[in-house]
Amino acid sequence: DKQVKGRQDKAYQIYEQAKKNATVIETWGTITLNSLLVCMKGSRGVPSRFDVATEVYELMKNGSEIQKPNCVTYSLMMKLAAQSGNETDAAQVLSFFEEMKKDGITPDMNSYINLMSTQVGTGVLKLLKEMKETGVQPSLKVYNTAIWALSDGQVQSSDADAAVTIMRMIKHDGMHPSTLTYNGMIKMFLKAKRPDEAWSLFEEMREEGRVQMTAETFKFATAAFIRKSDANSSSWRGALQLLESYRAAEMAVDPIQRQTSTYIYDRVLEAMSKGLNEFGVVPWERAMALFNEMESSGIRVSPVSFSFVTYAVARAPGGSQWRRAVSFLNEMSRRKFQPFDFVVDGLMASALEAGGDALFEVVDVLEKVEKLGMRASEKKDGKMSVCLDPVLSSKLLVQLCGK
């Protein structure tokens, strides 16, 4: 991001200096001005300098013949508009596309790719049809851009259907889906709440062995497997196998994939905390081992990681591990992580099963982290208003009466 910002600033300084001398600007032709536009492009963390680009574009439109916009100019302006971060970026991209055609310039592959990236729903399919009708054969990059454009934002089931049509087009045109194709499709089905189809695509990808799996592939596949197996108490085993494949590919310890690794480990911990082993018991020891592996391997543990391992330990038979669960909660508090509501319920239930003074010790700890049985809470007059879970609170009262 620093390099991108530095490039933008340096190019802008040169442009500002040139503007002070009209003779210099007049000698800048289309290639030079297009180079200036290239320097104004942004990145994931840095928006484009669309304001500067617009000024340069107007200069080209109103300048001499050696400065007139060409296909590259319009493609760059579409890219810059898409990267501007403005709410109207899609409309601006389309306006440059239409302006290009109005000026008699035939859109090239990059023009369609830049326009495709801002399209949604059926607009993507219409654009692909237009490309073919004008004699521009979509490349795999175009198809992939179309799929990922469909997967952005709120995905409807119809968007997933459109992506399936694009996948058929890819194969019909004699191309082989790439890693980017499969990742986009799997993500699409996940967002469309169709995890079975997402998992089927992952299996197809794995069985073919033609394309390389990335960290993102395993991230989407793990989520798909757990969602499709939601009612299955043994789904954690399959999730763990996926994690083992991910580790075998040596992606888990890659610093670049740190966030993805945390996500995958968290999903496996989630499955473990809700699952059962062959003895009908929550695999709390496996969950603890996995959590410890995260810490020892340098994989970032998140509030989600802590919450699911704490919940798994709290669900140990007979509340036998409530003290361990409390130790995790204390560590969460030390790291200023806020536990999820289900962790509180799990701890309370564990303490109730353990009997004795366990419940009161747990309540003391929960009060310290201001999370006692919190279901819905809000601040009123600067104070935290806490709503207790009705079942657990009634059991707490029974225990108190017993005392």
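## Cysteines and pockets

The structure holds zero disulfides. This is a predicted model. Two cysteines can be placed by accessibility. Cysteine 39 has a relative accessible area of 23%, so it is partly exposed. Cysteine 71 counts as buried because its relative accessibility is 16%, and buried means under 20%.

Now the pockets. The largest pocket encloses about 1200 Å³ of space. Its lining has 30 residues, and the closest to the pocket centre are Arg44, Trp148, Asp152, Lys187 and Glu216. Which helix gives the most to this lining? Helix 13 does, with five residues. At least two lining residues each also come from other helices, among them helix 7 (109–116), helix 9 (140–151), helix 11 (179–191) and helix 15 (258–274).

The second largest pocket has a volume of about 180 Å³. Lys41, Val72, Ser75, Leu76, Lys79, Asn110, Ile113, Asn114 and Lys141 line it. Helix 5 supplies four of these residues, the largest share. Helix 7 supplies at least two, as does helix 5. Helix 5 (71–82) and helix 7 (109–116) each give at least two residues to the lining of the largest pocket as well.

The linings break down by residue class as follows.

| Pocket lining | Nonpolar | Polar | Charged |
|---|---|---|---|
| Largest pocket | 10 residues | 10 residues | 10 residues |
| Second largest pocket | three residues | three residues | three residues |

Conventions:
Residues numbered from 1 in each chain as written. Predicted model: local features only at pLDDT ≥ 70, side-chain atom pairs only at ≥ 80, totals over all residues. Heavy atoms only, no water. Disulfide = S-S within 2.5 Å. Buried < 20%, exposed > 50% of the residue type's maximum accessible area, 1.4 Å probe, protein only. 1 Å grid on protein atoms, 1.4 Å probe; cavity = no way out; pocket = protein on both sides within 12 Å on 5 of 7 lines; lining within 4 Å. Points joined across faces, edges and corners; volume = space filled by probe spheres on them. Helix = DSSP H or I, 4+ residues; strand = E, 2+ residues; numbered from the N terminus. Nonpolar A, V, L, I, M, F, W, Y, C, P; charged D, E, K, R; others polar.
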